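Welcome! Here are a few exercises to work through with the sequence and the 3D view side by side. Try each one yourself before you read its solution.

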Amino acid sequence: QVQLVESGGGLVQPGDSLRLSCTSSGTTLDNYGIAWFRQAPGKQRERDEISCISTSSRHGPIYYADSVKGRFTISRDNAKTMVYLQMNNLKPEDTAVYYCNTVPYTDRYWGQGTQVTVSS
């Protein structure tokens, strides 16, 4: 059973960095492609996929949305069953609740997310 848990969010200033973590309290994530999504304030039913990484064994392509390309980096640590999202040069428009999920996403896997607020 996949039970996703996100962490690492916080309140930061523009230009700061954060590293988000995604892990599963149930089964390991080694065999899953993992994506990061975010839901901006006021968008109650819309979560935008911003990055994804293939399974650990495939080492396939990594995706970034144009809005985060060059600033965010996705990676995975198979030994720790963790998927990370390093976010640099954060902007106010990055303010959102960030979620991870499998690729393709599965509704029952959504966790609580982690809040990222970028404000001066």
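## Exercise 1: Cysteines

This predicted model holds one disulfide.

**Task.** Find which cysteines form the disulfide, and work out its handedness.

**Solution.**
- Start with the sulfur atoms: those of Cys22 and Cys100 lie 2.1 Å apart. The cut-off for a disulfide is 2.5 Å, so this pair qualifies.
- Next, look at the torsion about the S-S bond of Cys22 and Cys100. The angle is about 80°, so the disulfide is right-handed.
- Now place the two partners along the chain. Cys22 sits in strand 3 (residues 18-24) and Cys100 in strand 9; they are 78 residues apart, so to speak of this pair is to speak of a link between distant parts of the chain.
- Finally, check accessibility: Cys22 and Cys100 are both buried.

**Task.** Explain why Cys52 has no bond to the closest cysteine sulfur.

**Solution.**
- The closest cysteine sulfur to that of Cys52 belongs to Cys22.
- The distance is 13 Å, which is too far for a bond.
- Cys52 has a relative accessible area of 15%; buried means under 20%, so Cys52 is buried.

## Exercise 2: The sheet

**Task.** Trace the open sheet: in what order do its six strands come, and which strands stand at the edges?

**Solution.**
- Follow the strands across the sheet, and you get the order 2-10-9-4-5-6, with mixed pairing.
- The edges are strand 2 (10-12) and strand 6 (63-64). Each has a single partner strand, so one side of each is left without a neighbour in the sheet.
- Zoom in on strand 4 and strand 9 (residues 96-103): they pair in the antiparallel sense, over seven bridges.
- For a landmark in this pairing, take Ala35, which stands opposite Asn101 in strand 9.

## Exercise 3: Arg38

**Task.** Decide whether Arg38 is buried or exposed, and find which side chains make polar contacts with its own.

**Solution.**
- First locate Arg38: it belongs to strand 4 (residues 33-39).
- The relative accessible area of Arg38 is 10%; since buried means under 20%, Arg38 is buried.
- Then turn to its side chain. One polar contact, at 2.9 Å, goes to the side chain of Asp94. Another, at 3.5 Å, goes to the side chain of Ser67.
- Last, look around Arg38 for residues more than four places away in sequence: those it touches include Glu46, Asp48, Ile50, Phe72, Val97 and Tyr98.

Conventions
Residues numbered from 1 in each chain as written. Predicted model: local features only at pLDDT ≥ 70, side-chain atom pairs only at ≥ 80, totals over all residues. Heavy atoms only, no water. Helix = DSSP H or I, 4+ residues; strand = E, 2+ residues; numbered from the N terminus. Buried < 20%, exposed > 50% of the residue type's maximum accessible area, 1.4 Å probe, protein only. Polar contact = N/O pair within 3.5 Å; in protein donor to acceptor, adjacent residues only side chain to side chain. Contact = heavy atoms within 4.5 Å. Pairing = 2+ DSSP bridges.
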